[in-house]
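Visitor: I am new to this structure and would like a close look at a single part of it. Could you pick one spot and walk me around it?

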Amino acid sequence: MTEQPIGALIFALAVAMAPLLLELPPWAVLWSLIAWSYILLRHKYNWPQPGRIVRLLLFCLGVVAVLLSSGMRFDGGDFITLLAVMAGIKPLEVQSYRDSMVTVFLACFLTITSLFVFESLAMTLYLFVSVWVTTGVLVHLNDPKTELRQHFRLSARLILVAIPLMLLLFLLFPRLSGSFWGTPWSRQAHSGFSNTLRIGDVSRLALNNAPAFSASFTSSLPRASQLYWRGIVFQRFDGRNWSPVSAPQPRQTQIQGTEKAQYTIMLEPHGYRTLFALDLPLTAHGVATVYEDQTLRTRLPVRQRFNYNLTSILDAQEVPIQEASPLTLKLPPGKNPQAVALGKLWAEKFVEPRARMQAGLQYFKEHDFSYTLQPGTLGTDSIDDFLFQSRKGFCEHYAASYAVLMRAAGIPARIVGGYQGGRWNGVGKFFTIRQSDAHVWCELWFEREGWVRVDPTFVVAPERIDQVRNQEAMAGGQQPVQNWLQTDWISMVTMTWEAINIRWNMWFMGFSAEDQIALLQKLGLSLGRQGSWLLVMVLPSLFILSLLVLRWIKRRLQRTEPRDRVHELYTQFLQKTAQAGLAKLPHQGPLDYAAFLRQNAPELHEEVEEITRLYIELRYRRQREEKSIQQLRHCVKKFQPNP
C-alpha cells in the first residue's frame, strides 16, 4: 500500500483550522494538537497505529465532550467544535488514497466554515492562503512523485486563473436581500444593548473595545455635544430593571429643526432589531421603521453586517400632539422610598418643571458624586443605595436615579440607551463607535416642547464630552503640524487599516441585492430580479466557454510545427516520381528509394543522386544552410521524369 503524505495532510488541516481557534473551546484545540502530535511521532518512530475500536471510542468520546460543552443544545459554534474533533482524529485512520482525499475535503469544510464566522478583510485574505495550501496538498495526493513545492506553485496559478470567474460570479450571481451569512455561527452572536437594562450592564459593556458601528458623513460633521447615537428607549421600571414598551407605535409627532446631518452607518451584527442613529432621526430611507419614541427597528434581528443611510435633525424639537404616556410617571410601590420622597419634596418646593429638573442636576453637583466603572454592589433599593450611600457609579446609575427622581417630582421621564461620542479616523474620514462608547441618558417631557434630552452624567463627568471635542478638532482639520519624527505611526497604521476594513465592508461585504440590480442597470442590463438568473446562466457560461476556446487555440498553436521547407521540397520530388509510375513504398528510406530508381530508371540516376544527397544532408544536419536549400529547390524544379 502506498504511503500517504500524512505531514502534508495535517499541515492543510492546521492551516484551515487556525482562524477558528478563538471560536473553539480550549479542550477541542488541545484534542487536535495531541492527536496530530501522536500521528507525526508515530510516523517518525514507527509507533503502533490505533485500532478500529480505539478510533471509534475516541470519536464517541469527542461527541460526548461536544454535547457536554454545548449543554445538550447545538448551535453553530458547537457544529464547528464537532468539525474540529473530526479533524483531530481523522488522520489517525489515514492508510489509503481514499482516506487522504476525505481528509482534504475535511480541510475544505473547515475553510468554508470560516466564511460563516468571519467577514473581515484580513480573514478573507487568509482564506486564500488556506485554499492555496489545501489545493496544493490535493494535487500532491494525485502526483506524489513530484515535490510538494511544485504543487504549491501550480495551486497558486490555479487560484489566479479562477479570480476573474470569482469576481464575475460575485457581481452577477443573484443574491437575496437577506443572507445565510446571518446564521449565528459565532458564539458572540449578541452584543451591545439588550431589551432589558440593569444597573451595571453598561459599565460592563464599556470594558469591551469591539466596534459597534462606523459613521461617515456626506454633510458637515456634527459637534461633539451632538454625538448622541440613539438606540433603545426604556420606559418601564420595576424597581431594579428598565425595559421598553412591548408594542411601540409608528411615529406620528412632527420633528422641526434646521440643522440636518446626512450620513451612512455600517452596523456590526448584534442579534437585535435595534438600529442606531443620531438624535433625532428624520428618515431611515426604507431600512427601518421610526417609532413614536424616535427609535429605529428593523423587521428582523441584525445578524449580519450591513450599511444604511440616514438623515437626522441635530437641533430637533418635537411638536407634541398628545400628552406623555402615564407609563413615564409610574414608579413601583414601596421601592426606593428615599428617592421618591426627595422627588416629591422638589415637586412641593418648585412649581416650574424646569426648576425641578435643575434641582435634580444640582443634587449631583453638591453631594460629592464620582464617576467610576467599579461602583460596587447595590442592595434591593438600588436607587436609594446609590443616591444616599455609595454615590459612585457609571452612566446608567446617574440616568436611572435621575429618571426616578424626576418621576417622583411629577415630570414624565424615560431612559435612552445608545452610544455617545466616537473616534475620528482622519484617514478614512469617518467615526468609529465602539462598545466602550456605550452610554445612557434621560429624556424629560415638557408641555409645548415634547421630550428634551438631559444627560445627568455630564454634570459629574464632563470629560466624556471633552474627549470627543479633541476628536472634533481633528475632524475639522485642526491637527498640529508635525514632522515625521513626531507622528504617532502606530495610530496612523491603525487608522489606515481600519479605514481599509471599513471600505471593504461597505463595498464588498455590503454588496446587496439592491446594489447588484443598480450595477446591472448601469451596465444596461435592467432585467429585474428574476431576469438576473438568466444572466448568471448565460454570462458565466460564456466566460467559461471563452476560456476553453482560448485554451484550445493555444494548444493548436503549440502543436503546429514550424514550416519544414526541406521536407516540402522532397515531397514534391516524390510526387513527380509517383506520377511517372515510380512511387515510393512505405518501407523505403531515401537511400533505398534512390537505389530503386537507379535500377528502374537509370536515365534519372544523376538527378536522383543529387536530390537524395542534398535532402539527406539538409534533413539530418543541425544547421541548415540557405544556399543548399536553394540548390535543392532548383534540382527538384528541374527534375522532370517521363511517365
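Guide: Gladly! Let's begin at a turn. Strands β18 and β19 form a hairpin with four residues between the strands, and in this hairpin K429 takes a positive phi near 60 degrees. Please keep in mind that this is a predicted model. Across the protein chain the pLDDT averages 83, and 86% of the residues score at least 70.

From the turn, step onto the two strands themselves. β18 covers residues 423-425, and three bridges join it to β19, the two running antiparallel. To find your place along this pairing, look for R423, which stands opposite T432 in β19.

β19 has another partner as well. Strand β2, residues 211-217, pairs with β19 in the antiparallel sense over four bridges. Here a handy landmark is F213, standing opposite I433 of β19.

Now look at how β19 sits in its surroundings. In a regular strand, side chains alternate between the two faces of the sheet. On one side of β19 you will find F430, T432 and R434, on the other F431 and I433, and all of these are buried, so both faces are covered. Put as a count, five of the five residues of this strand, 430-434, are buried, and therefore β19 is largely enclosed by the rest of the structure. Buried here means under 20% relative accessible area. T432 and I433, the two residues you met opposite R423 and F213, thus lie on opposite sides of the strand.

For contrast, here is a little sheet elsewhere in the chain. It is open, has three strands in the order β8-β12-β11, and its pairing is antiparallel. β8 (274-275) and β11 (289-290) are the edge strands, each pairing on one side only. Two bridges join β11 to β12, residues 296-297, and T289 stands opposite R297 there.

A helix can round off the walk. α7, residues 148-172, has 25 residues and reaches 36 Å from its first C-alpha to its last, close to the 36 Å expected. Even so, α7 bends by about 35 degrees at I163, with a proline, P164, following within four residues. Its buried residues are H151, F152, S155, I159, F170 and L172.

One last caution concerns two stretches. Over residues 177-190 pLDDT stays under 50, and the model has 36 contacts beyond four places in sequence for them. Residues 468-486 also stay under 50, with 20 such contacts. Where pLDDT is low, the predicted coordinates should not be read in detail.

Conventions:
Residues numbered from 1 in each chain as written. Predicted model: local features only at pLDDT ≥ 70, side-chain atom pairs only at ≥ 80, totals over all residues. Heavy atoms only, no water. Pairing = 2+ DSSP bridges. Buried < 20%, exposed > 50% of the residue type's maximum accessible area, 1.4 Å probe, protein only. pLDDT = per-residue confidence, 0-100. Contact = heavy atoms within 4.5 Å. Expected span 1.5 Å × (residues − 1). Bend = angle between axes of the 7 residues up to and from the residue.
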